[in-house]
There are 2 protein chains.
Amino acid sequence: MFNEIKTHEITVDIVILTIKNDALNVLLVKRNNEPFKDKWAIPGGYVRMSENLDEAAMRVLKEKTNVENIYLEQLYTFGDPLRHPVSRVITCAYFALIRSEDVEVVTSDDLAWHNVSELPPLAFDHKEIIEYSLKRTRERLEMCPVAYQLLNEKFTLTEMQKAYEMIMEKKLDKRNFRKKVVTTEGLRELNEFSKSSSKRPARLYTFDNIKLNSKRAHFIKKEKQC
Amino acid sequence: MFNEIKTHEITVDIVILTIKNDALNVLLVKRNNEPFKDKWAIPGGYVRMSENLDEAAMRVLKEKTNVENIYLEQLYTFGDPLRHPVSRVITCAYFALIRSEDVEVVTSDDLAWHNVSELPPLAFDHKEIIEYSLKRTRERLEMCPVAYQLLNEKFTLTEMQKAYEMIMEKKLDKRNFRKKVVTTEGLRELNEFSKSSSKRPARLYTFDNIKLNSKRAHFIKKEKQC
DNA sequence: AATTAGTAATGTTTATTATACAATATATGT
DNA sequence: ACATATATTGTATAATAAACATTACTAATT
């Protein structure tokens with residue numbers, strides 16, 4: 001019984017989300033060991049004795065993407081005895097939202113972004129973990145504009161709306177979206193305009209430093225679900 | 001390094017909430033071993049190899065209260081290296097809402113209900129865990145009438161309002177509360193009345209079986225916070 | 001210089017929901 | 001019958017959400 005307790009292993013796994021190619025993407029690594037050799041998985045690692053769970057998650061995140069100081073939130077702890085086919089591994093899952101302009105990921109055959117709606121077969125219960133992270137991201141967006149964590153520092157309202165639509169998986173009305181967005185605390189209008197498009201340039205906006213967990217207008221209408 | 005990993009221990013700890021004496025109460029056990037001998041703690045136990053985290057939490061809950069099939073939700077996983085003064089124990093915290101009429105707790109010097117606003121000194125980080133469970137309960141209440149999990153099977157609207165006020169820690173308007181409550185899916189008016197009071201009896205209501213996570217009107221106005 | 005094309009920007013009306021607020025009804029005990 | 005304590009009910013106003021189409025601007029083309 002005592003030995004039994006001692007054989008649990010605990011890991012952190014991180015769903016790292018960003019916007020790329022007009023879609024939500026998740027960073028996956030290809031496993032080069034059994035079990036699930038050659039299957040894709042979300043990045044993870046063992047929790048070290050000296051670090052807490054947040055620190056372990058941040059360490060793994062930095063190892064993979066070289067970013068720090070981004071939105072990182074504990075998601076859920078998955079502990080099914082059969083989730084790992086060999087040993088008993090309990091994983092504390094996190095999810096991170098990062099700006100594609102901040103990422104320094106050297107992608108390769110073993111590390112790549114995948115569109116969340118076109119996922120390859122995944123190791124362990126990682127499909128479930130990713131799906132839950134998308135649900136949680138939607139819930140967060142209902143409360144506050146976390147989407148700005150995915151947008152570049154300067155962005156147009158159209159880009160912002162697209163990010164919302166991607167996450168919420170529904171179309172939003174442009175006028176109502178803009179009406180709401182301008183009442184959002186922290187959003188600042190810049191005297192700069194987008195250049196890339198060959199059509200009418202759009203005004204750029206930025207978010208002033210928002211303390212997450214600070215008072216915020218809630219944003220996209222909450223689904224009436226429980 | 002490999003040994004290091006193997007020395008984590010993982011437990012579940014459960015914040016068990018109920019309404020007693022017109023207040024929210026949490027079930028605490030007095031520790032009879034070091035560390036924190038003679039301090040109060042929330043019930044918990046090691047996760048067994050054969051069970052998942054939910055099952056471990058349900059087992060601990062049943063051991064302490066002899067109730068099953070109640071509202072039980074994973075809260076958060078606490079893994080600070082210093083939360084346990086001796087070894088490295090990561091705990092997956094749950095919270096449970098139970099009806100006082102369903103409880104069969106034999107309270108004693110070592111097992112007792114405590115008003116959440118008058119907590120004794122607690123072992124480990126259990127104070128933080130309880131506070132977080134109260135926050136989560138409020139969040140749940142903003143989405144759906146989980147408070148009925150705390151109410152007896154048949155209850156008056158006044159009792160329901162008091163439960164809400166206790167959890168939300170604010171006064172609610174009686175007329176607005178009732179207007180809202182009657183639009184709540186699942187609430188059923190009974191042709192029975194309370195007897196205990198020596199004044200005008202109040203109509204009793206009940207909740208028809210609600211699937212949690214089913215479609216529900218959200219209920220108490222969400223605080224505009226993030 | 002005028003035209004075209006593509007995206008950006010904007011306002012009003014209606015419906016729904018939330019809030020504020022006080023008088024009447026009913027059972028019990030005296 | 002009267003006093004008392006609690007239960008029950010409605011309306012007016014404010015705030016928020018939702019539905020909906022046209023004009024403005026710039027760059028590229030002719």
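In this predicted model, the hairpin made by strand 1 and strand 2 of chain A leaves 2 residues between its strands, and A:Asn21 takes a positive phi near 50 degrees there. The two arms of that hairpin, strand 1 and strand 2 (residues 23-30) of chain A, pair antiparallel through 4 bridges. Two of the facing pairs can be picked out by eye: A:Leu17 sits opposite A:Val26, and A:Thr18 has A:Asn25 as its bridge partner in strand 2 of chain A.

Strand 1 of chain A has other partners too. With strand 6 (residues 89-97) of chain A, strand 1 pairs in the parallel sense, and the pairing runs over 9 bridges. A handy place to find this pairing is A:Val15, which stands opposite A:Phe95 of strand 6 of chain A. Strand 4 (residues 44-46) of chain A also joins strand 1, this time antiparallel and through 3 bridges. Here A:Thr11 is matched with A:Tyr46 in strand 4 of chain A. How much of strand 1 of chain A is buried? Of its 12 residues (residues 9-20), 9 are buried, so strand 1 of chain A is largely enclosed by the rest of the structure.

The other arm of the hairpin carries the pairing further. Strand 2 of chain A runs antiparallel to strand 7 (residues 111-115) of chain A, with 5 bridges between them. Within this pairing, A:Leu27 has A:Trp113 of strand 7 of chain A as its bridge partner. Strand 2 of chain A pairs with strand 3 (residues 40-41) of chain A as well, again antiparallel, over 2 bridges. The residue to look for there is A:Lys30, whose bridge partner in strand 3 of chain A is A:Trp40.

Further along chain A there is an open sheet of 3 strands in the order 8-10-9, with antiparallel pairing. Strand 8 (155-156) and strand 9 (187-193) of chain A are its edge strands, each pairing on one side only. Strand 9 of chain A is held to strand 10 (residues 203-207) of chain A by 4 bridges, and these strands run antiparallel. A:Leu187 faces A:Phe207 of strand 10 of chain A across this pairing.

Next come the helices. In chain A, the axes of helix 3 (residues 126-143) and helix 4 come within 9 Å and cross at roughly 135 degrees. That angle makes helix 3 of chain A oblique to helix 4 of chain A, and their crossing is left-handed. In chain B, helix 3 packs on helix 4 at about 130 degrees, with the axes 9 Å apart. These two helices of chain B are therefore oblique to each other, and helix 3 of chain B passes helix 4 of chain B in a left-handed crossing.

One loop residue of chain B is also worth a look. Where is B:Glu118 placed? B:Glu118 is in the loop between strand 7 (111-115) and helix 3 (126-143) of chain B. Is B:Glu118 buried or exposed? B:Glu118 is exposed, because there are 8 other C-beta atoms within 10 Å, and 12 or fewer counts as exposed. Along the chain, B:Glu118 and B:Arg99 are 19 residues apart, and 20 Å separates their C-alpha atoms.

That leaves the DNA. Around DNA strand C there are 21 residues, of which A:Arg175, A:Arg200, A:Ala202, A:Arg203 and B:Arg200 come nearest. The elements giving two or more residues to this surface are helix 4 (157-168) and helix 5 (174-182) of chain A, along with helix 5 (174-182) of chain B. Helix 5 of chain A gives the most, with 4 residues. By class, the surface near DNA strand C holds 12 charged, 6 polar and 3 nonpolar residues.

Which residues come nearest to DNA strand D? Of the 21 residues around DNA strand D, these are A:Arg175, A:Arg200, B:Arg175, B:Ala202 and B:Arg203. Two or more residues of this surface come from each of helix 5 of chain A, helix 4 (157-168) of chain B and helix 5 of chain B. The largest share, 4 residues, belongs to helix 5 of chain B. Sorted by class, the residues near DNA strand D are 12 charged, 6 polar and 3 nonpolar.

Definitions and conventions:
Residues are numbered from 1 along each chain as its sequence is written. Chains are lettered from A and ligands numbered from 1 in the order in which they are written. This is a predicted model: local features need pLDDT of at least 70, side-chain atom pairs count only at pLDDT 80 or more; totals for chains, interfaces and linings use all residues. A residue is near a molecule or strand if its C-beta atom, placed from the backbone, lies within 6 Å of it. Ala, Val, Leu, Ile, Met, Phe, Trp, Tyr, Cys and Pro count as nonpolar, Asp, Glu, Lys and Arg as charged, and the others, Gly among them, as polar. A residue is buried if 20 or more other C-beta atoms lie within 10 Å of its own, exposed if 12 or fewer, and partly exposed in between; C-beta atoms are placed from the backbone. Two strands pair if DSSP finds at least two bridges between them. Axes are lines fitted to C-alpha atoms, for helices over the stretch in contact, and angles run from 0 to 180 degrees between N-to-C directions. Angles under 35 degrees count as roughly parallel, over 145 as roughly antiparallel, 65 to 115 as roughly perpendicular and the rest as oblique. A crossing is left-handed if the near helix is turned anticlockwise from the far one by less than a right angle, and right-handed if clockwise.
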